[in-house]
Amino acid sequence: MTHRPEQAANSALLRAVGDALDGPVPREWQAAVTAVPRHHFLPHRVWLPDAQGTYEPCDLSTDHDRWFEAAYADVPVVTQVNDGQPPPDPTDVWPSSSASAPSMVVRMLRDLDVRPGMNVLEIGTGTGWNAALLAHRLGAGHVASVEVDPDVARKAWASLNAAGLDVEVVCGDGADGWPLRQPYDRILSTCSVRRVPWAWIEQTRPGGIILTPWDNPMLCWGLLKLTVEPGRALGRFSPHSAFMLMRGQRQDLRIYRDVFRDEHVPEESETVLSPHDITGDQWEARFALGLHVGDVWTAWDDERLWVATTDTRSWAAVDADGDHPTVRQYGPRRLWDEIEAAHRWWEEHGCPGPERFGLTVTEESQWAWLDRPSQVLPLRR
Ligand SMILES: C[S@@+](CC[C@H](N)C(=O)[O-])C[C@H]1O[C@@H](n2cnc3c(N)ncnc32)[C@H](O)[C@@H]1O
């Protein structure tokens, strides 16, 4: 039961979510969002974007209106930074837990296609709001949620408890799933993954669905919806989503510190592919390239684009400008040659967006395909 002004704020939020989803919020999720007020799940201190492009604290006690407005806007709200440690300085603040944007939450719940009686495992409890919506819909004893951060898990448990919702909150690494309640009909991850943990597939019944945000070092942008079959899972991507990467798959890499060494002698050549064609707003190209080249990331310095493998053994540097920019490549892989070839393949296949790609996951491996599972991407690693 919500009360004014929550009621008005909640109705406005539902309208905003409907606009973002291009259609009204499904009735069952409308009922859940109305019954489970989002602000009850936010901590008294949240972190909101500031003018410098970083985050600043916003406290309920001193800035009630801004805090409340954030709670009912269709935006993600950062609820923990720097893994709960005090930021070393105000410019080094990065989100480590958040309440996802409501339209993303509802979109994922809608795509998850849950029905009464199903058992659902959520990975990444965060504030507990998502788990609360699921528990409202599915009832007691049908939802478990795993959160890696003990402080975040404890707060989510308290909020769920205060709301009278029965969710089993587990503090642990979501990569292991939660075997005690398997099999699940659905697994919903709210942190992104670069590799789908096999435990999720093992713990989902055949025909069940796993929905997870996808991350590639080149671009975090897409949802992956897998259907589980005996011995494997496969499914397609859809675009537009960016979630924090699962702890355990995170890497803190920097070009000069970790990659470049004075003694490296790179091979020099020229390219016809501008580095601008694979950076900035070129989301679809980057998504496809990421699937092709695997564990490869990019970073600009003032004059060139750097590309490196996450094991830091191979790198390439491409001048930003010129008709035939100079390329320098070093290490066992010729990364720019791979990127050029993958970009050519992408153009030859009609510049496909994420929705034309899919992924197959087995216990040993995972690989991407275009349009149908038999059309496996070349240059797969
Ligand atoms: C975007 S937030 C979750 C949003 C949440 N579902 C909600 O409704 O507020 C992602 C969460 O995933 C958690 N997380 C990151 N890595 C994890 C892991 N390996 N296992 C479980 N949780 C993890 C983070 O601590 C963070 O709280």
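How many of the 10 residues of β9 are buried? The model is a predicted one, and in it 7 of the 10 residues of β9 are buried, so that the strand counts as mostly covered. The surroundings of β9 make a convenient way into the structure.

Strand β9 belongs to an open sheet of 9 strands, whose order is β7-β6-β5-β8-β9-β10-β11-β17-β18 and whose pairing is mixed. At the edges stand β7, residues 168–171, and β18, residues 366–370. Each of these two has a single partner strand, so one side of each is left without a neighbour in the sheet. From one strand to the next, the twist averages 20°. In general, the strands of a sheet pair through backbone hydrogen bonds, in either a parallel or an antiparallel way.

The middle of the strand order can be followed pair by pair. Strand β5, residues 120–123, runs parallel to β8, residues 184–189, and 4 bridges join them. One position in this pairing is Ile123, whose bridge partner in β8 is Ser189. Helix α4, made of residues 102–112, packs on the sheet and touches β8, β9 (204–213) and β10 (223–229). The direction of α4 makes about 160° with that of β9. Next in the order, β8 and β9 are paired in the parallel sense, over 4 bridges, and here Leu188 stands opposite Leu211 of β9. On its other side β9 meets β10, and this pairing is antiparallel, over 5 bridges. Ile210 faces Leu226 of β10 across it.

Helix α4 also has a helix as a partner. Two packed helices are described by the angle between their axes and by the distance between those axes. For α1 (residues 6–21) and α4 the angle is about 65°, and the axes are 9 Å apart. The crossing of α1 past α4 is right-handed. From α1, the contact is made by Leu13, Val17, Ala20 and Leu21, and from α4 by Pro102, Ser103, Val106 and Arg107. By class, the residues of this contact are 6 nonpolar, 1 polar and 1 charged. An α-helix has 3.6 residues a turn, so residues three or four places apart point the same way.

A further helix, α5, spans residues 129–138 and is mostly covered, with 9 of its 10 residues buried. The buried residues are Trp129, Asn130, Ala131, Ala132, Leu133, Leu134, Ala135, Arg137 and Leu138. They pack against several elements, namely α2 (27–35), β4 (95–99), α4, β5, β6 (143–147) and α6 (150–162). Just after α5 comes Gly139, which takes a positive phi of about 90°.

Helix α5 also takes part in the surroundings of the ligand. The ligand is surrounded by 25 residues, of which the closest are Ser97, Gly124, Gly126, Asn130 and Gly174. At least two residues of this shell come from each of β4, α5 and β6. The most is given by β4, with 3 residues. Sorted by class, the shell has 11 nonpolar, 10 polar and 4 charged residues.

The structure also has an open sheet of 5 strands, in the order β12-β16-β15-β14-β13, with antiparallel pairing. Here β12 and β13 (296–300) stand at the edges; each has a single partner strand, so one side of each is left without a neighbour in the sheet. The twist in this sheet averages 20° from one strand to the next. The partner of β12 is β16, residues 326–330, which runs antiparallel to it and is joined to it by 4 bridges. In that pairing Glu267 stands opposite Gln329 of β16.

The loop between β12 (267–270) and α9 (283–293) holds Thr271. Is Thr271 buried or partly exposed? It has 18 other C-beta atoms within 10 Å, and because a buried residue needs 20 or more, Thr271 is partly exposed. Leaving aside neighbours within four places in sequence, the contacts of Thr271 are Val318, His324, Pro325, Val327, Trp336 and Glu340. Thr271 and Val105 lie 166 residues apart along the chain, and their C-alpha atoms are separated by 42 Å.

Technical notes
Residues are numbered from 1 along each chain as its sequence is written. This is a predicted model: local features need pLDDT of at least 70, side-chain atom pairs count only at pLDDT 80 or more; totals for chains, interfaces and linings use all residues. Two strands pair if DSSP finds at least two bridges between them. Axes are lines fitted to C-alpha atoms, for helices over the stretch in contact, and angles run from 0 to 180 degrees between N-to-C directions. Two residues are in contact if their C-beta atoms, placed from the backbone, lie within 7 Å. A residue is buried if 20 or more other C-beta atoms lie within 10 Å of its own, exposed if 12 or fewer, and partly exposed in between; C-beta atoms are placed from the backbone. A residue is near a molecule or strand if its C-beta atom, placed from the backbone, lies within 6 Å of it. Ala, Val, Leu, Ile, Met, Phe, Trp, Tyr, Cys and Pro count as nonpolar, Asp, Glu, Lys and Arg as charged, and the others, Gly among them, as polar. A crossing is left-handed if the near helix is turned anticlockwise from the far one by less than a right angle, and right-handed if clockwise.
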